[in-house]
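Open the model in your viewer and keep the selection panel at hand. The tour goes to the ligand, then to a pair of helices.

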Amino acid sequence: TILLEHRQSVGIVTLNRPDKLNACTSTMHRELVDAIESLGQDDAIRAVVLTGSGRAFCAGQDLGVTKQGPIDYEMALKRGYNPVIHALTHLEKPVIAAVNGVAAGAGVALALACDYKVAADDASFVQAFVQIGLVPDSGSTWLLPRHVGLAKAMELAMFGDKLDASGAEALGLINRVVPHDTLLPQALELAQRLASLPTRAIGLMKRAFYDGLESSLADALDREAHIQQLASQTADHQEGIRAFLEKRRPTFRGM
Ligand code: LHQ
């Protein structure tokens, strides 16, 4: 239900149920966690792109599954969705969401859990939960207000109206909008650029930003001092300093 491809130092994960608008199943969740963890363990991979095949990015939960019998929603979230969000946000490598079409429900959360979001100009975002009598899940109640602020998060969640790509960019839900046909090349270019940067430092800063969102300034100051110590021990830091002093461009190796 997903595709995993390595292109030089970039891992590309593609949600691949195009006839179902890439709606999520428990199989997809397992495959996603496995793929993200394998990319995390592969030192040759220094950036990741998450995208969808066909006309959608991800329509959230596959609602067809409900026809097969009752779903235990708490278990579906705890065993399915939450581990995917955890894997994306704890992967110590930059992840780009290349939002190729509509993202709905938990599909929006998948994009929000990525570190940089680029969307096709015809992509859209919908907090579909309310339309089926549910509440935002998969980290949406945490991620959405941190991207757009509480007022807009509540508005999007309560009304469930579709937001187009430029509206999403204006709200800070995503970073950038590009013409549809250039989405994947542009996402790959951004990913290659990130992959040429000091991967350890990017992984550490990602960890620090997430921790910082939940801590006092005093704790953030302490933690920064600690992770700066870790960053200072990398070969890429030594290379950065040497390149600066030698007035040349650094060549980072991601370690
Ligand atoms: C779908 C789906 C879909 C199956 C389109 N499933 N087939 C977590 C824990 C446990 C349970 C509950 O949920 C969660 C988290 C969640 O994500 S809840 C939110 C679930 N998602 C939704 O409610 C979104 C439902 N879909 C839509 O609102 C629309 O389809 C969107 C806005 C995604 C796209 O609209 P359109 O571009 O107009 O396409 P469409 O509606 O015509 O859909 C195309 C086909 O895809 C259609 O099938 P068909 O056989 O008629 O061609 C849809 O039934 C199917 N599809 N979403 N989630």
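A polar contact here is a pair of N or O atoms within 3.5 Å; within protein, one must be able to donate a hydrogen and the other to accept it, and residues adjacent in sequence count only if both atoms are side-chain atoms. This is a predicted model, in which local features need pLDDT of at least 70, side-chain atom pairs count only at pLDDT 80 or more, and totals for chains, interfaces and linings use all residues. Residues are numbered from 1 along each chain as its sequence is written, and side-chain values use heavy atoms, with hydrogens and water left out.

Select the ligand and L63. A backbone N or O atom of L63 is 2.9 Å from a ligand nitrogen atom. Add Q61, where a polar backbone atom lies 2.8 Å from a nitrogen atom of the ligand. Then add A106: one of its backbone N or O atoms is 3.0 Å from a ligand oxygen atom.

Now widen the selection to the residues around the ligand (a heavy atom within 4 Å). There are 21 of them, and R55, A59, Q61, L63 and A106 come nearest.

Next, select helix α8 (residues 199-212) and helix α9 (residues 217-232); helices are DSSP runs of H or I, at least four residues, numbered from the N terminus. Their axes come within 10 Å and cross at roughly 170°; axes are lines fitted to C-alpha atoms over the stretch in contact, with angles from 0 to 180 degrees between N-to-C directions. α8 and α9 are therefore roughly antiparallel (an angle over 145 degrees). Show side chains for the contact (heavy atoms within 4.5 Å): L204, R207, A208, D211 and G212 from α8 meet R223, I227, L230 and A231 from α9.

Terms used: Helices (H or I, at least four residues) and strands (E, at least two) are DSSP runs, numbered from the N terminus. Angles under 35 degrees count as roughly parallel, over 145 as roughly antiparallel, 65 to 115 as roughly perpendicular and the rest as oblique.
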